[in-house]
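Hello! As promised, I am passing this structure on to you, followed by some notes on what turned up in it. Take your time and keep the 3D view open as you read.

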Amino acid sequence: MRNLRLLKSLRCLKLQGPGTPQCFTVRTDTGTLLIASEYSCSPILVVNEVSLTVERYLPEDGGGTVVGIQDLPDQESVCVATATGDVILYNLNTNQLECVGSVDSGLSAMSWSPDQELVTLTTGQDTIIMMTKNFEPITEVGIHQDDFGEGKFITVGWGKKETQFHGSEGKHAEVQPAMSWDDRRPRVTWRGDGQLFAVSSVCPLTGARKVRVWNRECVLQSTSETVNGLEQSLCWKPSGSLIAATQRHPNKHSVVFMEKNGLLHGDFTLPFGKEQVKVKELLWNSDSTVLAVWLEDMTPGEGVQLWTVGNYHWYLKQNLYFGSNPQRAPAYVSWDPERPLRLHLVTRGWVSLNYDWGWSTDRSHGEDGHDNANVAVIDGDKLLVSTFRQCVVPPPMCAYDLQLPAPVNLVTFQRQRTNELAALTADGHISVYGQGEPPEVSSYFSAITLLSLFAPNPLIHVSPWLSHVEVEGHVISMCHSSKTGTVVASNVSSFVVYDDFLLLTTHSHTCRCFRLTTLTVKGLQVALAADGGQNQNDQNDETLRRIERGSRIVTVVPQDTRLILQMPRGNLETIRHRALVLAQLRKWLDSQRFREAFECMRKLRINLNLIYDHNPKVFLESVETFLRQLDSINHINLFLTELKEEDTTTTMYPCPVNTTGQSAPAACGKKVDIVCDALRCTMESMDQHNVLTKLSKKRNVPFSGPLSAEEALKYLLFLVNVNELYEHSLGTYDFDLVLMVAEKSQKDPKEYLPFLNMLKTLEPNYQRYSIDKHLKRYRKALHHLSKCGEEHFTESLNLVKDQRLYSEALGLYPTDSPQYKALSCAYAEYLVEQQQAEQAGLLLWRCGEATRALQAFVGSASWRNALCVAEQIPLPSDQLALLARDLAGTKLIELRRYTEAAILLERYAKDCEEAISALITGAVWEEALRLVTCSSQASYLEAQKAMFTRHKTRLSVVRELKEKARLELLDEDVPDCPEAELYSEASSVMTGSHAGSKYSHSNSRISSRSSKNRRKAERKKLSLKEGTPLEDMALLHALAEIIHSVDKMREEVHSLLKALVLFQFDGQAGRLQHAYGEALQMIEVALPEVWQEGLQQTQITGPNSTANSIMASFQQPRPSATQDSETPPTPKMRNGVKWKLSILK
């Protein structure tokens, strides 16, 4: 429902060349025209002229003809073909002419492919020459072919064409030859993709025109059927679907369309009588939306018509008349190859005209309810007017049409009286029409120059817009100007301003609705930049709506919620945009027009909670107005049944940013209860009796009122699900009420009677427990079950564990009862599973389970509570020290609670050295210094000696125990056989595997964890705790660390001894040297004992090995693979480092 409106017309009068223009081509890079005449080739706006007569390409008497001209941007040249047979290439940079080819028989047409890779030439001998862009010949074939082509139809046995019906004229009717005014020249046209081209030529046998379709290799594809009255014009639609031509019938003149197989496919009739006009050319624009018809010998003169199609109907949108003066008649017409709606025209008097058209929907601009939402569509000499307030009529139909004396070029609606329109016809008259009044037709205004093609002396003429839209506060530009404009959006296909909204459709198939009061240019750019994306997080965005691909806005019905869209195929659709609907609803609710709002929400399925949520305070103050406007019990019940606790203004229908905040509810409580109470009180005061619906929305409210119980129950069954009502009645523990509800429902008595009879036989408390458990009201069920006695405590405990009702259960039993203790223990087990062991320990401690509480506190590293419980048990001092050491080493240090670990080690484990080590690890330097100062140890060396001695003694004990276990294993399991040595060799492996079996699963699980956890597992594996599987390896590592640390002190001791001697502290220096020497000597003596020969791998073979040594090595028991891989090497003492001072004794 769009019209073509002239946006700009350019006229160039300062052109004068020799002869008469014959054809031109458009230079896309500069926007100029290259015009060819019978004498020369002249570019517009460039003072330059190339004579074609000097080089004898054209005769000097003016009798030559240029059959084609084409701009070649890639070659920066222009190709010109003459009727004499010359193909000339003119270089635009050097102004040089070059004849690239010549045909002796002459040329009748030249046509380049759309990609300018091929050129076809038709010769005077009715042949087609195809050449490359470098003018290298490809092939030459005759135009007139006897064969149909490669696309010949296949006969499937339905008879021959000669035996079919041929119409009233009969099958022997003569073929009509071409028209007398036909120039009998071939016409060549290419399809938009350049794969096919069509040639229209006059058949030498019948004298009638035929159309043949050829492919890119110049192979015939199809031949059209015989069409009487077929004329010379031919143009292939760029989209590739149809070939347009004209046909003259005995009673009409038509534009017909052919498919590529040569068959006719649709037509439309030109608005002229018989023999009134002749069609010189047909021209499609580049996007196939407009068809230009170039007419000659019209009654008032020559002209051009612009046709468009919609919903399979052809509309005549524009008529360009040029008068009867021959100098003003068009010499050549062409569309711009890049801008689809720009038309170029050159008259015979050397005047260049450029027309820029634009699509426009001519609609009325009213914003009140009196405007009919009119839209006018131009169709030749008719105006098709649709009034969308009354009806939505799909085009080409309309509400009514206006017949005018001449074709219409422009139509507009008045701003004040919006139902009145004015139409400008092609002959310069303006007709004004009003609703319900006779038409007022003005006289001819010679001063009107809106569409005048020959106004006095203007070089550039811009037509004004007769209708405009006023926007307060913001100016929105939807197009781009290189000087002053701003690109707001490049993906907008249509838009309209209505009231406070800007509605637009985008190429991403969405319809957006923005408020102008809060809209900014930057905000619009951001919103449209993300339009159509998949990252639309807010599903309740009222500004966005998905629409069909290619939809465009036609109009908006004022004071309504309807938006009219037109689909690409031409049909109309009415939608209710969410933003328009909600805006209108908010206006109605603010003005307390509840009936209009309710009807709209009911029709469009808007949640009725919005009536209250929009402004709760105003609604509660206007309940009586609401009831009187609805005036229908069914409507009130419908409103009540949809009530929910959800606030729809924050979830489903969020308020726009610019709207004020909504008032809070007048009273505290649930929304449903507030609304039901307000309606109930108001309706009771108004003596209305539909209170039952309100009570059904509330909970735990006794049903009362003038209705009987049975009538009330029947009514509730229409409002409430029967199963829910049955369960609610069962929850009252009233079996009479349950039976009444069940009888009124559609339930089968076999479903509920056995269950009810079973319940009646139970003890009252256990009966209520069974009902509550059936209804899944487990808290109430537990409350009733606790009153059933101790014999049901096991069932109660299982219910507590299944439903996790521990806190509720503890409150139902006395604290000194055995049930309370059992529940506390069960609750503690659940808390341990939930990683809340400390709280579990508190529960166990207060109920007297001290041992289990101690385990829970140890597991949660709650060392203070653990020590308190240990004192309460009480634990012996050695076990208390072991507990403190375990808490510090395995719990607190891993949690990096070094200060607390040091307290445990110092006060309870009595291990000051470990406490200092923990503080140093945690960088608690001041506390570590305090312990070092207060320590009773003589020196660091004495501490290291004591630790070394302790570890060495423990190592010997561990080795004795392992050897004893190995021997016992061999005595019990290994038979006396020659293979016994193998068992003795593997005994250590078996022992280690047996002793560490409980750790194997955890180690395999740890292996799949992170590197940090693996390091942690390695540290745990080498623990110094007594009884661990690898305690001997851990002791060896600890001894190796002591030896390395003592051995590294050689240089430091040496420097300290020199300093002491220098300052005359000889006594202290001597004691230090003596103590350090004893430490080194003790270590050297203990090395062979600690690192025995069997622990180290020896070289069995080699140049220094003997037969006895090799046999001895095989006879010795080998350590396990695990032990061998984890045994630290024997420390190497640096005896070569001199640290003693000889001056000291």
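Let's start with Leu1062, which sits in helix H31, a helix covering residues 1049–1062. Please keep in mind throughout that this is a predicted model. Is Leu1062 buried or exposed? Leu1062 has a relative accessible area of 66%, and the cut-off for exposed is over 50%, so Leu1062 counts as exposed. Together with Phe1063 and Phe1065, Leu1062 makes a nonpolar patch of about 370 Å² on the surface. That is worth a look, because in soluble globular proteins nonpolar side chains tend to be buried together.

For the nonpolar residues on the inside, turn to the cores. The largest nonpolar core has 55 residues, and the members that touch the most others are Leu823, Tyr827, Leu883, Leu887 and Leu904. Which helix gives this core its largest share? That is helix H18 (residues 818–833), with eight residues. If you would like one residue to click on, try Leu887: leaving out residues up to four places away in sequence, Leu887 touches Val858, Trp863, Ala866, Leu892 and Leu904. Apart from this core there is another one, made of 34 residues, including Leu608, Val623, Phe639 and Tyr653.

A polar residue can be buried too, as Ser796 shows. Ser796 belongs to helix H16 (residues 793–803) and has a relative accessibility of 2%, so it counts as buried. What is Ser796 in contact with, once its neighbours within four places in sequence are set aside? The partners are Leu782, Leu785 and Tyr813.

Now for the whole protein. Its 1145 residues include 45% that are buried, and the protein has 34 helices and 44 strands. Among contacts between residues at least 6 apart in sequence, 52% join residues that are at least 24 apart. The protein exposes about 60,800 Å², and carbon and sulfur atoms supply 51% of that area.

Next, the charged pairs. Side chains of opposite charge can pair when their charged atoms come close. How many salt bridges does a search of the whole structure find? The search finds 38. Here are three of them to look up:

- Arg852 and Glu829 meet through their side chains, with 3.4 Å from N to O. Arg852 is in helix H20 (residues 850–859) and Glu829 in helix H18, so this pair links distant parts of the chain, 23 residues apart. Both ends are partly exposed: Arg852 has 31% relative accessibility, and Glu829 has a relative accessible area of 42%.
- Glu963 and Arg966 form a salt bridge at 2.4 Å, N to O. These two are three residues apart in helix H26 (residues 940–973), so about one helical turn separates them. Glu963 is partly exposed at 36% relative accessibility, whereas Arg966 is buried, with a relative accessible area of 15%.
- Arg1134 pairs with Asp1047, and their closest N and O atoms are 3.0 Å apart. Arg1134 lies in the segment after helix H34 (1121–1126) and Asp1047 in helix H30 (residues 1031–1047), so the salt bridge ties together parts that are 87 residues apart in sequence. Arg1134 is partly exposed at 30% relative accessibility, while Asp1047 is buried at 6%.

Salt bridges can also join up into a network, as they do for Asp182, Asp183, Arg187, Arg209 and Glu281.

Finally, the cysteines. A disulfide is a covalent bond between the sulfur atoms of two cysteines. How many disulfides does the structure hold? The number is zero. Cys511 makes a good example: its closest cysteine sulfur is in Cys513, 7.1 Å away, which is too far for a bond, because a disulfide needs sulfur atoms within 2.5 Å. Cys511 counts as buried, at 0% relative accessibility. Cys235 is buried as well, with a relative accessible area of 12%.

Happy exploring!

Methods
Residues numbered from 1 in each chain as written. Predicted model: local features only at pLDDT ≥ 70, side-chain atom pairs only at ≥ 80, totals over all residues. Heavy atoms only, no water. Core = buried A, V, L, I, M, F, W, Y, C linked by side-chain atoms within 4.5 Å. Buried < 20%, exposed > 50% of the residue type's maximum accessible area, 1.4 Å probe, protein only. Helix = DSSP H or I, 4+ residues; strand = E, 2+ residues; numbered from the N terminus. Contact = heavy atoms within 4.5 Å. Patch = residues over 30% accessible without salt bridge, like charges linked within 9 Å, V, L, I, M, F, W, Y side chains within 5 Å. Areas by Shrake-Rupley, 256 points an atom, 1.4 Å probe, with all protein chains shown as cover. Salt bridge = Lys/Arg side-chain N within 4 Å of Asp/Glu carboxyl O.
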